Amino acid sequence: MSMTPLGASIELPVNIGTELLVEFQDFTLRTKSELIGMKYGQYLIIGMQHDMSGIRPDTIKDSALIIRYLYRGSVYGFRTSVLNLLHSPDRLLFLTYPRKIEEFRVRSTPRYECILPAVTSVEGLEAETVVIDISADGCRCIVKAASLEDAEKFYQSMDINREAALRVQFPGALESYELTGAIRNISKDTDRVAFGLLFGPLKTDTKKRLDEFISLISEVKKKES
């Protein structure tokens, strides 16, 4: 999952009572839950609908979980782990407060696979990039660690909602075009970082070139199908 650091000054975008989808990675279990409460920066409390009576607190402690939920039209997700399990008066799980969170914007326009060379610029740092899919609203990109002078520094600069710019080379264009927007999701591993970019307002010529490219590849996809 791609995610963003949650520091002491950042709150979770969620309301008490929100329905949660809980995935227990160690037990191959997915179930619905509800956010009961939290202590800012320390822990979350969720109420379990699944029957947890056969599970002892010591067997589930430190278990890895993935939580997903809907908030104001976007899907958010984060990783956490179990601090404690209570069976009475309700089935409650105490979870570690998430350090990172990921936002998945519900797509309103078709997205098409592609391979476009680009350069990502974030916080004054640049990296060679490949755009692997694109729509009128945004795109998904991959940066290889081998292309970075300081991979760790670049990775740390990649945060959810941080502004970023892509200089993209469209086929047939003699110049590159800058696509600007906000990072919406991030996935990092040892040799690459993948991220989704939600476009902001684009310059007229850039928007025209983007629309022309999407029109072209959409026609190609129609012929292939």
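This is a short exchange about labels given to parts of a predicted model.

Visitor: Why is Glu23 called buried?

Guide: Glu23 has 18% relative accessibility. Buried means under 20%. So Glu23 counts as buried.

Visitor: What makes Arg68 partly exposed?

Guide: The relative accessible area of Arg68 is 25%. Partly exposed lies between buried, under 20%, and exposed, over 50%. Therefore Arg68 is partly exposed.

Visitor: How do you know that Arg68 forms a salt bridge with Glu23?

Guide: The closest N and O atoms of Arg68 and Glu23 are 3.2 Å apart. The cut-off is within 4 Å, for a side-chain nitrogen of Lys or Arg and a carboxyl oxygen of Asp or Glu. So the pair is a salt bridge.

Visitor: What does the pair of Arg68 and Glu23 tie together?

Guide: Arg68 lies in strand β5, residues 64–71. Glu23 lies in strand β2, residues 19–24. So the pair ties together parts that are 45 residues apart in sequence.

Visitor: Which residues do salt bridges that share partners join into one network?

Guide: Glu23, Arg30 and Arg68. The structure holds seven salt bridges.

Visitor: What makes Arg111 and Asp133 a salt bridge?

Guide: Their closest N and O atoms are 3.4 Å apart. That value is within 4 Å, so the label applies. Arg111 is in the loop between β8 and β9, and Asp133 is in strand β10. They are 22 residues apart.

Visitor: Is Asp133 buried or exposed?

Guide: Asp133 has 12% relative accessibility and counts as buried. Its partner Arg111, at 25%, counts as partly exposed.

Visitor: Where do Lys207 and Asp211 lie?

Guide: Both lie in helix α3, four residues apart, about one turn of the helix. Their closest N and O atoms are 2.9 Å apart, and they form a salt bridge. Lys207 is partly exposed at 33%. Asp211 is partly exposed at 35%.

Visitor: Why is the pair of Tyr40 and Tyr97 called edge-to-face?

Guide: Their planes are 75° apart. Over 60 degrees counts as edge-to-face, so the name fits. The centres are 6.0 Å apart. Pairing needs centres within 6.5 Å. Tyr40 is in the loop between β3 and β4, Tyr97 in the loop between β7 and β8. The two are 57 residues apart.

Visitor: Why is the pair of Phe170 and Tyr177 called tilted?

Guide: Phe170 and Tyr177 are 6.0 Å apart, centre to centre, with 55° between the planes. Under 30 degrees is stacked and over 60 is edge-to-face. An angle of 55° falls in neither range, so the pair is tilted. Phe170 is buried, with a relative accessible area of 2%. Tyr177 is buried at 9%.

Visitor: How many residues are in the largest nonpolar core?

Guide: The largest nonpolar core has 35 residues. Phe170 is among those with the most contacts inside it, as are Val131, Ile134, Leu166 and Phe195. The largest share, five residues, comes from β9. A second, separate core of 23 residues includes Val14, Leu29, Leu44 and Leu93.

Visitor: What does Leu166 touch?

Guide: Residues up to four places away in sequence are not counted. Among its contacts are Val131, Cys139, Tyr177, Phe195 and Leu197.

Conventions:
Residues are numbered from 1 along each chain as its sequence is written. This is a predicted model: local features need pLDDT of at least 70, side-chain atom pairs count only at pLDDT 80 or more; totals for chains, interfaces and linings use all residues. Side-chain values use heavy atoms; hydrogens and water are left out. A nonpolar core is a set of buried Ala, Val, Leu, Ile, Met, Phe, Trp, Tyr and Cys residues joined through side-chain atoms within 4.5 Å. Buried means under 20% relative accessible area, exposed over 50%, partly exposed in between (1.4 Å probe, protein chains only). Contact means heavy atoms within 4.5 Å.
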